[in-house]
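User: Hello! I am new to this structure and would like to learn how to read it, feature by feature. Could you guide me?

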Amino acid sequence: MALPDDALGPPPPPVPAPGEGTLNRANIPLGRRGAIGVETSSFTGGDSDVSGLAIALFARMPFSGHTFLDVRVPFGLAIDEGTDAVLGNVTLGAHHIVRAGQRLWLTVGGAVGLATLSGQTHDHASYEPVGASRAYWDLHEFFPSILPIHARLGAEAHFGPVIARAQLEPALYIPLGRNEEYEVAIQHAVELQLGHGIGGGLRVQGMALPTFDNVDVRHAVARNVYVLALEPFLTMERRLTFIRTGLLLPFDEELGPPLDHTWGFRFSAGIHVD
């Protein structure tokens, strides 16, 4: 005699597909999810007394499907003979994530900055060390007298426990005020990470500055055409929270060599909102 279905108890849970535990309900990698958090980067100038701290409050808010609205509010502290605080260029934008395969995701998006940092009202010593704390990554956030337009292209691929990421992010600096020079910056990076929920890896980032041989505002990065940096990092991703920390090692002629002349420390943390 056949037993009723409920007499056998509830059916066993489905076996997750490979990599499913690393995705959210919308099949987006945990590190790409919507989030609200804080990101910090600190810098010391080795033998000098100059140091800087960059702090950015950021949000990636789910808007529709795989589309997110982005907000970044950067602050900075520069320490030389005194301490100067500065509000960087706030950026507003959006990005969309496309699942291009079972284990490949592409990101396309962009942002426009608000010209909240002025070369007329801020001394160069108040923003130069802050930008150096990231090896000039996202330099447009701490570059004065510009309206930045920032494009974002990215890719993330999963190969078992290994995650590979790539970024290509050109930015156009539209001059404002007494600044009359248009500038172009092309930041790019690749990462290899071992582990999903808890992992570690290495990031290699570069900042190409092809037009910075002729800069109309005073800045330490003037006449520097390329900045290279490495960052070994550790990360933890959970359904609700995330933490990432890394040691930034610049190889630039001005900022490097790493651990000799300068070094930086990165930290970010926050909560997921989707």
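Analyst: Happy to help; we will go from the overall picture to strands, a loop and the surface. Please keep in mind that this is a predicted model.

User: Let's begin with the overall layout. How many helices and strands does the protein have?

Analyst: A good habit is to count the elements and then read their order. Here the protein has 1 helix and 13 strands. Starting at the N terminus, the order is β-β-β-β-β-β-α-β-β-β-β-β-β-β.

User: What share of the residues is buried?

Analyst: Of the 274 residues in the protein, 44% are buried. The accessible surface comes to about 13500 Å², and 65% of that belongs to carbon and sulfur atoms. You can also look at how far apart in sequence the contacting residues are. Among contacts between residues at least 6 apart, 59% join residues at least 24 apart.

User: Now the strands. How does strand 9 pair with strand 8 and strand 10?

Analyst: For each pair, look at the direction and the number of bridges. Strand 8 (residues 162-175) pairs with strand 9 in the antiparallel sense over 12 bridges. In this pairing, Arg165 stands opposite Glu191 of strand 9. On to strand 10 (residues 198-208): strand 9 pairs with it in the antiparallel sense too, over 9 bridges. Two pairs of facing residues help you find your place: His188 stands opposite Gly206 in strand 10, and Leu194 stands opposite Gly200 in strand 10.

User: What joins strand 9 and strand 10, and which residue there has a positive phi?

Analyst: They form a hairpin with 3 residues between the strands, and Gly195 takes a positive phi near 105°.

User: Which strand pairs with strand 10 besides strand 9?

Analyst: Strand 11 (residues 226-237) does, again in the antiparallel sense, with 11 bridges. One example of facing residues is Ala208, which stands opposite Tyr226 in strand 11.

User: Which residues of strand 9 are on its covered face, and which are on its uncovered face?

Analyst: To read this, follow the residues along the strand and sort them by face. Strand 9 spans residues 183-194, and its covered face has Glu183, Ala185, Gln187, Ala189, Glu191 and Gln193. The uncovered face has Val184, Ile186, His188, Val190, Leu192 and Leu194.

User: Let's move to a loop. Where is Asp138, and is this residue buried or exposed?

Analyst: Start with the elements on either side, then check the accessible area. Asp138 lies in the loop between helix 1 (128-132) and strand 7 (146-159). Its relative accessible area is 9%, so Asp138 counts as buried, the cut-off being under 20%.

User: What does Asp138 touch beyond its sequence neighbours?

Analyst: Leaving aside neighbours within four places in sequence, Asp138 is in contact with Arg72, His150, Glu169, Gln187 and Met207. Gln187 is one of the residues on the covered face of strand 9. Another residue of that face, Ala185, is 47 residues from Asp138 in sequence and 9.1 Å from it in space, C-alpha to C-alpha.

User: What can I learn from phi in this loop?

Analyst: Look for positive values in residues other than glycine. Asp138 has a positive phi of about 55° although it is not a glycine. Ala135 lies in the loop between helix 1 and strand 7 as well, and its phi is near 55°, also positive. Ala135 is buried, with a relative accessible area of 1%.

User: And the surface: which residues form a nonpolar patch there?

Analyst: The patch is formed by Ile36, Met61, Phe63, Leu69, Leu240, Ile271 and Val273, with about 620 Å² of accessible area together. Val273 sits in the segment after strand 13 (263-272) and is partly exposed, at 32% relative accessible area.

User: What about Ser268, is it buried or exposed?

Analyst: Ser268 lies in strand 13 and is buried, with a relative accessible area of 14%. Not counting residues up to four places away in sequence, Ser268 touches Val38, Glu39, Phe242, Ile243 and Arg244.

Notes
Residues are numbered from 1 along each chain as its sequence is written. This is a predicted model: local features need pLDDT of at least 70, side-chain atom pairs count only at pLDDT 80 or more; totals for chains, interfaces and linings use all residues. Side-chain values use heavy atoms; hydrogens and water are left out. Helices (H or I, at least four residues) and strands (E, at least two) are DSSP runs, numbered from the N terminus. Buried means under 20% relative accessible area, exposed over 50%, partly exposed in between (1.4 Å probe, protein chains only). Contact means heavy atoms within 4.5 Å. Patches are made of residues with over 30% relative accessible area and no salt bridge: like charges are joined within 9 Å, nonpolar side chains (Val, Leu, Ile, Met, Phe, Trp, Tyr) within 5 Å. Accessible areas come from the Shrake-Rupley method with a 1.4 Å probe; for residues, only the protein chains shown count as cover. A salt bridge is a side-chain nitrogen of Lys or Arg within 4 Å of a carboxyl oxygen of Asp or Glu. Two strands pair if DSSP finds at least two bridges between them.
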